[in-house]
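Visitor: Could you take me on a close look at one helix, and then show me how the rest of the model is arranged around it? I am new to this, so please go step by step.

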Amino acid sequence: MLKFIIKISVIASLFVFSSVAKAADPIRIPVLNWSSQIVMANVMAQVFEEMGHTAELVPAESASRYEAVRIGDLHVAHETWESTMALPFYAAMDKGGLIDAGSHNLITFEEMGVPNWVIDEGLCPGLPNWEALKSPECAANFATADSDGKGRWLEGPYEWHTEVMPNRLKGLGIDDLWTVKFAGSADALWAELKAAKAEGRGTVIFNWSPNFTDAAGFTFIDFPPYFEGCRLENGGTLETTGCGSPKGWLKKAAHIKFPITHPDAYKFYTKMSFTAPQIGLMADLVDSQGMDHAAAATEFIAQHRDLIDLWKN
Amino acid sequence: MLTNFKNSRPQQFSFLFIVFLLLYFLVPEDENSFLWRLPPLLKDIPLLINTLLDNLMFKWLTVPVYDPDWQMYEDKPVFRIITRSIADFLLFLIIFIREIFLGGLQTIGSITGGAFKELKWLYLPAVPWTAVVIGLFILGYRLQGLGLAFIASIGFFYVSIFGQWEPTMETLSLVLVTAPICFILGLSLGILGYLSKKVEKTLQPILNIAQTMPHFSYLVPILVLFGIGDHAGAVATIIFATPPMIRLTILGLKKISPEVVESGLMSGCNRFQLLFRVLIPTARRDILIGVNQVIMQCLAMTTIAAFIGAKGLGFNLKVALNGLKIGKAAEIGICVVIIAVVLDKLSLAWANKQKDYFANLNFYKKNLATIYFILLTAILGVIAYFSAFYFEKGFNYLYLIPFGEGLTIAPILDAGVDWIWETFFYYLNIFNKFLITNVLFVMKDAYLGMPVVSTFVLVMGAGYIIGGLRSCIIVGALILFIALSEYWNRALITAYMATFAVGVSAILGIVTGSLCARNEISAKFILGVCDFFQTFPSFIYLIPVILLFGITDTSVMIAAIAYASVPATRYTVEGLRSVPSSLHDAASMSGVSNFQRWKSIELPLAFPHIMLGINQTLIFALMMIVLGALIGTEDLGQIIMGCLSRPNGAGIGLTLGIFVSFICLAADNLIRTWADERKKLLGIE
C-alpha cells in the first residue's frame with residue numbers, strides 16, 4: 001500500500017511540476033508536408049538557435065494552424081498563401097491573437113493550368129489562351145472515366161475556393177464541355193500529374209507558383225483578367241465571373257505575444273523575406289538533390305549567410 | 001399461409017423489399033415533401049458544440065492568472081488550465097523519453113527552469129543506437145529466450161541501418177507514453193465496469209461511438225482543447241486505443257467462474273487482494289489480448305496523429321507521399337510494423353513471465369542483465385564518443401544514423417510500382433471505365449434517388465424482422481438523427497460506397513479465409529498477413545491507387561477494399577478453425593465431399609463469428625472511405641476532412657463523425673442480434 005501511495009504521489013508531483021516548469025518554452029514553428037515550407041521552417045529554427053533560443057518544429061495542417069497561432073500553441077506561420085489560406089488567416093485575426101508580420105518579397109500565382117508536355121503534344125491547340133478550351137475536340141482529350149465525356153478540370157480541395165471554378169466554367173460558357181472535380185489533397189494533384197503523363201492523357205489541374213512543378217514545366221491558362229468584385233461570391237455577375245485568379249501575397253503570421261517573449265527572434269522574423277528563386281532553391285535542395293530537410297536548411301543558410309546576418313541585426 | 005409467413009425469414013424479407021420498391025418508385029422527387037427528404041431540424045447541433053467549446057476554452061469560470069510576458073493579470077478559464085496542464089504533463093513525459101533515445105536539452109531546460117541556457121554542454125546525450133539494439137537483445141533474452149532476443153534486436157537494427165532511427169524513436173517515445181496510459185486507463189475503467197452495472201451501462205455507448213467514429217472527426221476538438229503538438233497526438237491515440245482494453249477487461253473478468261472468487265475469499269483475501277491477486281491474474285488471457293490491441297491501435301494512429309502535431313514516422317510518411325515517393329513511404333510503413341511486432345512480442349513475453357517466488361538469488365545474480373546492459377552501454381557510449389573523430393562529414397554512424405543516411409530499398413519498390421503500372425494500366429483503365437459507368441454511378445444514382453420514407457421502411461423493417469420492436473426502434477432512431485440534418489444526401493453517398501466496399505471485401509475475405517483455413521500453416525500465414533496489413537499505415541495505399549485508377553470513386557473503393565478485407569479474412573479463418581475437429585471427422589464418415597462439408601457444416605457453424613467480422617469490415621471500410629476524402633469524394637468524409645482547415649470545424653467534424661458512427665451502430669445492432677440468435681440456435685455459448 002505504501003508503495004502504491006508513493007507511486008501516486010510521484011506521478012502527481014511530476015504532473016504539477018511539469019505543468020509549472022515551462023520556462024524553457026521553445027519557439028514553436030509549424031511544418032507542413034511540402035519541401036520548401038519544411039526547409040524554411042528549418043532555416044528559421046537554425047537561425048533562432050544561433051540567436052540562443054530553442055526552437056521546435058511541430059507537424060501541422062495548413063489551415064488549422066492559424067487557430068493554433070492565435071491561441072499561442074504555435075508562435076509563427078511562415079508561409080501563408082493568399083488564395084488558399086487567406087480565409088482562415090483573417091478568421092483567426094478577427095478573433096484576436098494573430099498578427100500579420102509582413103510578406104515575403106514575391107508575388108504568388110495560383111491558377112488552373114496544364115503541364116508543358118500537354119501543349120507540346122498539341123492536345124489543345126491555342127493554349128495557354130483560354131479560348132482554346134471552347135473547342136470540343138480539345139475537351140475530349142481531357143476526359144476521364146468519370147467525367148461523362150466532358151473534359152475534366154481537377155481543382156484543389158473544395159475548401160480552398162469553394163464554388164469559384166464551377167462558376168468560372170459557367171461564366172465562360174463552357175460548362176457543357178468541361179466539368180470540375182475536387183481533389184482531396186495536394187498529394188492527389190501531384191499524383192494526377194504523374195498519372196496523366198504516364199497515360200498520355202491531357203490534364204488541367206489547379207497549381208501554383210513558386211512550386212516544385214515549375215522545374216518540370218507548367219503553364220497557367222490565361223483567363224480574362226481579374227478585377228475586384230468580378231466573382232459571383234464577391235458581387236459579380238455571370239458575365240464577369242469567368243475572370244482568372246488574382247496575383248497574391250505570401251504572408252507571415254505570428255502570435256501576438258511573440259514580439260514580447262522573443263523580441264530579437266520576432267525582429268528577424270519580420271525582416272525575413274524570401275524571393276521566389278530562393279524558395280525554389282529550398283525545394284530543389286530536397287526534391288532534386290535528395291538532401292534531408294535539416295541539411296538543406298544548413299546548406300541554404302551557408303549560401304545566404306550575408307542576407308541572414310543582415311536580417312539578424 | 002400466415003403462420004408460414006410468420007416463420008419464414010426469406011418471405012418476410014422479400015415482402016419488405018417489395019414494399020421498399022413500391023415506395024421507391026411511387027414517392028415523387030420533391031424537395032418539399034417529407035416523404036422524399038426530412039427537413040434539417042437538427043442543423044444547429046454543430047453550432048451548439050462550437051459555442052460550448054468556445055465558452056469552455058475562453059469564457060466560462062475564469063480566474064485571473066498573472067502573465068509575466070504581458071506583466072498583467074489575464075483571465076483564464078479553469079477548464080482550459082486543466083486541459084493544458086494535462087497536455088504539458090504528457091508532453092513532458094514524451095520529450096523525456098524521446099531525449100533518452102535521441103538526446104536534447106529540453107528536459108534539463110524545463111527541470112532547471114532554463115537557468116543554464118548559456119551552458120551549451122548541458123544536455124541529455126542520446127543512448128547510442130548500438131546500445132539500444134544490444135539492450136533489446138538482453139531484454140528479449142531475459143523475457144523469453146534467444147528467439148525473441150533476435151527478433152527484437154534485428155528489428156531495431158533494420159530500422160537504424162535504413163536511416164529511420166530518428167523518426168522511429170520519435171514515434172516510439174509517443175507509443176511508450178500512450179500505451180501504458182491506455183493500459184492503466186482501460187484496466188481501471190474495465191474494473192469499474194465489472195464492479196458496477198451502472199458504470200458498464202454508461203460506458204457501453206461511449207465505447208461504441210469512440211470505436212466507430214472516424215479519427216478525423218475528433219482531431220479538431222482535440223486541437224482546441226489540448227493545443228497542437230505531440231501531446232495532442234497522444235490524446236487522439238488514447239481515445240482510439242483505450243476502448244478495446246476496457247471491453248476486453250470487462251469480458252475477461254466476467255468470464256471468471258464463481259468458484260475462483262470463492263476460493264479467493266476462503267483464503268482470506270480482502271477486496272483489494274481479491275481484485276489484484278485473484279481476479280486479474282485469472283482474466284489474464286483477455287487482458288493480454290487487450291494489451292496487444294492497445295499496441296496495434298497506438299501504432300495504427302501514428303499517421304493520423306501527425307495531422308495534429310505528432311512527430312515521427314507518420315509525419316515523414318505524409319511528406320514522402322506528398323512527393324509521390326511511394327517506395328520511401330512503404331519503407332516507413334515497414335518501420336511502423338516492426339515497432340508493432342517488437343513491442344507486442346516483448347509485452348506478451350513480459351506478461352507471460354511467471355514470477356519465481358522460490359529462487360534465492362543474491363543481488364548480483366538478480367540484476368545480471370541490468371549490469372550487463374549498463375556495462376555495454378558505457379562501452380558503446382565510449383566507442384560512439386571516439387568514433388565521432390573517425391567519421392567524416394559530421395555523421396557519427398555509431399551514435400545515431402541520421403535520417404535519410406542509411407540504406408534504402410525505395411528505388412526497388414518504386415520500380416515495382418512502375419512495372420505494375422506499365423504492365424496492367426491498359427487493362428485496369430478499361431476495368432475502371434466499366435466499373436464507374438456500369439456499377440458505381442448506377443449505384444450512386446440509385447441511392448440518391450431513394451425517398452427517405454422508403455429508406456426508413458427498409459432499415460426499420462429489417463430491424464423488426466431480425467430483432468423485433470426493440471431493434472426496429474433503435475435502428476430507426478439512429479438513422480432519424482442523420483435524416484434530420486442537412487447532410488442526408490452525403491450520408492447516402494457514404495452509404496453507397498460502404499455497401500459496395502463491404503460487399504466486395506466480405507466476398508474476398510470469406511473466400512480467401514475459407515481457402516486458407518484448410519490447413520494449419522496457411523491459416524497461420526494468412527493471420528500474419530492480416531496483422532501486417534492492420535498495422536501497415538493505410539495512407540500508403542492512397543497514392544498508388546490514384547496512379548492506377550485516377551481521382552475517381554474507384555480509387556477510394558479499391559483502397560477501402562484492400563483495408564477492409566483484413567477483418568473479413570481474419571474472422572473467417574478464426575471462425576472456421578474453431579469448428580471442432582470431431583465434427584470434421586463425423587462429417588467425413590458420413591461421406592460428404594470437401595465442398596459439402598464447408599458449405600453445410602463449417603460455414604453455418606462459423607457463421608456467427610464471420611458476421612462479427614463483417615461488422616468489423618464495415619467499420620474498417622468506413623474509416624478508409626472517410627480517408628478517401630484525401631483522394632477526392634463528395635460524401636460525409638469530404639466535409640469531415642475539410643473541417644481540419646475550417647476555423648470552426650470542431651462542431652461539424654464531431655457531428656458528422658457521430659453520423660458515421662451511427663451508421664456503424666445501426667448495422668452493428670442488426671448484425672449482432674442476428675449472430676446472437678444464430679449462436680443460440682446452434683448451441684454455441
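Guide: Let's start with helix H4 of chain A, which runs over residues 82-95. Keep in mind that this is a predicted model. Helix H4 of chain A has 14 residues, and at 1.5 Å a residue the expected span is 20 Å. Its end C-alpha atoms lie 19 Å apart, so the expected span and the model agree.

Now look at which of its residues are covered. A:Ser83, A:Thr84, A:Met85, A:Pro88, A:Phe89 and A:Ala92 are buried in H4(A). One general point helps when you read such a list. An α-helix has 3.6 residues a turn, so residues three or four places apart point the same way. Directly after H4(A) comes A:Gly96, with a positive phi of about 95 degrees.

Let's step back to the chain that holds this helix. Chain A contains 14 helices and eleven strands, and 49% of its 313 residues count as buried. The C-alpha trace of chain A spans about 80 × 50 × 40 Å along its principal axes. Among the contacts in chain A with a separation of 6 or more, 71% link residues 24 or more positions apart.

Chain A is divided into two domains: domain 1 covers 26-107 + 249-312, and domain 2 covers 108-247. The C-alpha centres of these two domains of chain A are 30 Å apart. Where they touch, domain 1 of chain A supplies 15 residues and domain 2 of chain A supplies twelve. Here our helix comes back: H4 and helix H12 (276-287) of chain A are the elements that give two or more residues to the domain 1 side of this contact. H12(A) gives the most to that side, with five residues. By class, the domain 1 side has eight nonpolar, five polar and two charged residues.

Next, let's cross into domain 2 of chain A, which covers 108-247, and look at a strand. Strand S7 of chain A, residues 178-182, is mostly covered, with five of its five residues buried. Both faces of S7(A) are covered: A:Trp178, A:Val180 and A:Phe182 are buried on one side, while A:Thr179 and A:Lys181 are buried on the other. Strand S6 of chain A, residues 151-155, pairs with S7(A) in the parallel sense over five bridges. In one of these pairings, A:Gly151 has A:Trp178 of S7(A) as its bridge partner.

A little further along is helix H9 of chain A, residues 186-199, where you can find A:Ala196. Is A:Ala196 buried or exposed? A:Ala196 counts as buried because it has 22 C-beta neighbours inside 10 Å, and the cut-off for a buried residue is 20 or more. Not counting residues up to four places away in sequence, A:Ala196 touches A:Arg201, A:Gly202 and A:Thr203. A:Val39, in contrast, is 157 residues from A:Ala196 in sequence and 29 Å from it in space, C-alpha to C-alpha.

H9 of chain A also leads us over to the other chain. Along with H9 of chain A, the cover over the buried residues of H24(B) includes helix H15 (302-305), H16, helix H17 (326-352), H20 and helix H25 (553-577) of chain B. H24(B) is mostly covered, since ten of its eleven residues are buried. Among these buried residues are B:Phe539, B:Tyr541, B:Leu542 and B:Phe549. After H24(B) comes B:Gly550, whose phi is positive, near 70 degrees.

The whole contact between the chains takes 56 residues from chain B and 53 residues from chain A. On the chain B side, the elements that give two or more residues include helix H4 (78-102), helix H20 (410-448) and helix H24 (539-549) of chain B. The residues on that side divide into 29 nonpolar, 20 polar and seven charged.

To finish, look inside chain B. Of the 262 residues in the largest nonpolar core, B:Ala236, B:Ala501, B:Ala560, B:Ala564, B:Ala621 and B:Leu622 touch the most other members. Helix H27 of chain B, residues 594-627, gives the largest share of this core, with 15 residues. Leaving aside neighbours within four places in sequence, B:Ala621 is in contact with B:Ala498, B:Ala501, B:Val502, B:Ser505, B:Ala560 and B:Ala564.

Methods. Residues numbered from 1 in each chain as written. Chains lettered and ligands numbered in written order. Predicted model: local features only at pLDDT ≥ 70, side-chain atom pairs only at ≥ 80, totals over all residues. Helix = DSSP H or I, 4+ residues; strand = E, 2+ residues; numbered from the N terminus. Buried ≥ 20, exposed ≤ 12 C-beta atoms within 10 Å, placed from the backbone. Contact = placed C-beta atoms within 7 Å. Expected span 1.5 Å × (residues − 1). Nonpolar A, V, L, I, M, F, W, Y, C, P; charged D, E, K, R; others polar. Core = buried A, V, L, I, M, F, W, Y, C linked by C-beta atoms within 7 Å. Domains from an automatic or database assignment. Pairing = 2+ DSSP bridges.
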